[in-house]
Amino acid sequence: YALDNRLTLGGDVAMVLSRYDRGIDTDDWTTTAYLDYELTAKIKLGLGTTLGHVDVADFEPGQNYEQFYARSSYQIRDKISLTGQVGAELRQYDTGASTTNPSYGVGITYRPFDSTTLQLQGRRRTVASISQSFADYNDTDVALILRQRLLHKVFLGLKASYEHDDYFLVSTGGSTGLTYNYYTIRPSVEWDWNKYLTFIAYYEYQENDSSTPINGFYDNSTG
C-alpha cells in the first residue's frame with residue numbers, strides 16, 4: 001500500500017505445511033509486515049518484522065519466533081542489482097528455553113543479456129529439524145543460479161549450492177555437536193506454457209558430509 005510517493009507499507013500471511021514419509025512433520029505459520037522508503041530512483045531502504053509459530057509433530061515442543069530486520073535494494077546499473085537484509089531472530093520453545101540468533105539474506109543479480117540471468121545468493125536462518133528429535137538447526141547457505149532462455153518459452157537452468165547446518169537442542173539451546181554440509185548441483189529445463197502454468201524437468205546430485213559418518217550420504221534424483 002503506497003502511503004505517499006516514496007513510502008510503501010506491505011505485508012503477508014503464510015502457512016507452510018511440511019509432511020514427510022521419514023521425518024518430523026511441521027506446520028509453520030507466519031505474519032510479515034514491512035515499511036519501505038524510496039531514497040532515490042535506484043535505492044530503497046526498509047524495516048520489517050515477521051511473527052511466527054511452528055507446530056512440531058510427535059509431541060515435540062512448539063516454537064514461537066520474532067524476526068526484526070532492515071532491508072535494502074540497490075539498482076547499481078541497468079544490468080546489476082543488489083538486495084540485502086540483516087537482523088535478528090528471537091525464538092521461544094514450550095520447554096522454556098529461548099535462543100537469539102543473527103539472520104541475513106543477500107543477493108546480487110546480473111543480466112548481461114535479456115535472455116540471461118545470473119544470481120548469487122546467501123542467507124542464514126533457523127529451521128525446525130525434520131530428522132533430529134527435539135532439535136533445530138542454524139542454516140547458512142550460498143547458491144549460484146544461472147537461467148538462460150533457449151526459445152521463447154523454454155529456459156535452461158543450473159543451480160550450484162552449499163549449505164552448512166549446525167544443530168542445537170530446543171530444551172536448552174545448547175549445541176548437539178552435529179553438523180551437516182550439503183553440496184548440490186541441479187541442472188533443469190523449464191517450459192512456460194502460459195502465465196499460470198510452468199513445466200520443469202530436473203536432475204539433482206546432492207552430497208552430505210556430516211560430522212558423524214553414519215549420517216553422510218550422496219543422492220541422485222530427477223523430477
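Is Tyr 180 buried or exposed? In this predicted model, Tyr 180 is buried, with a relative accessible area of 6%. That residue makes a convenient entry point, and its surroundings are taken up below, after a brief look at the chain as a whole.

The protein chain is built from strands: it has twelve of them and zero helices. Read from the N terminus, the order of elements is therefore an uninterrupted β-β-β-β-β-β-β-β-β-β-β-β. The C-alpha trace spans about 50 × 45 × 30 Å along its principal axes. Of the 223 residues, 29% count as buried. Among contacts with a separation of 6 or more, 43% are made by residues 24 or more positions apart. The accessible surface amounts to about 13900 Å², and carbon and sulfur atoms contribute 57% of that area. As for charge, the chain carries 19 positive and 28 negative charges, whose mean positions are 12 Å apart.

Turning to the interior, nonpolar side chains in soluble globular proteins tend to be buried together. Here the largest nonpolar core consists of seven residues, namely Val 127, Ala 135, Tyr 137, Tyr 167, Leu 178, Tyr 180 and Tyr 182. Two elements, strand 8 (135-149) and strand 10 (175-192), each give two or more residues to this core. Strand 10 provides the largest share, with three residues. A second core, separate from this one, has five residues, including Ile 24, Val 54, Tyr 65 and Ala 128. Back in the largest core, Val 127 is in contact with Asp 136, Tyr 137 and Asp 139, once its neighbours within four places in sequence are left aside.

Aromatic residues give a further view of the same region. The structure holds seven aromatic pairs. One of them joins Tyr 167 and Tyr 180 in an edge-to-face arrangement, with 5.2 Å from centre to centre and 70 degrees between the planes. Because Tyr 167 lies in strand 9 (residues 154-169) and Tyr 180 in strand 10, this pair ties together parts that are 13 residues apart in sequence. Both partners are shielded from solvent by the criterion of under 20% relative accessible area: the value for Tyr 167 is 3%, and that for Tyr 180 is 6%. Tyr 167 and Tyr 180 also belong to one aromatic cluster, together with Tyr 137, Tyr 182 and Phe 217.

Another pair, Trp 191 and Phe 199, has a stacked geometry, because the ring centres are 5.5 Å apart and the planes meet at 25 degrees, within the limit of under 30 degrees for stacking. Trp 191 is partly exposed, at 38% relative accessibility. Its partner Phe 199 is also partly exposed, at 41%.

Finally, a backbone detail deserves a mention. Which residue other than glycine has a positive phi near 55 degrees? The residue is Phe 134, which is found in the loop between strand 7 (116-128) and strand 8. Phe 134 is partly exposed, with a relative accessible area of 40%.

Notes
Residues numbered from 1 in each chain as written. Predicted model: local features only at pLDDT ≥ 70, side-chain atom pairs only at ≥ 80, totals over all residues. Heavy atoms only, no water. Helix = DSSP H or I, 4+ residues; strand = E, 2+ residues; numbered from the N terminus. Buried < 20%, exposed > 50% of the residue type's maximum accessible area, 1.4 Å probe, protein only. Contact = heavy atoms within 4.5 Å. Areas by Shrake-Rupley, 256 points an atom, 1.4 Å probe, with all protein chains shown as cover. Lys, Arg positive; Asp, Glu negative; His and termini not counted. Charge placed at Lys NZ, Arg CZ, Asp CG, Glu CD. Core = buried A, V, L, I, M, F, W, Y, C linked by side-chain atoms within 4.5 Å. Phe/Tyr/Trp six-rings, centres within 6.5 Å; stacked < 30°, edge-to-face > 60°.
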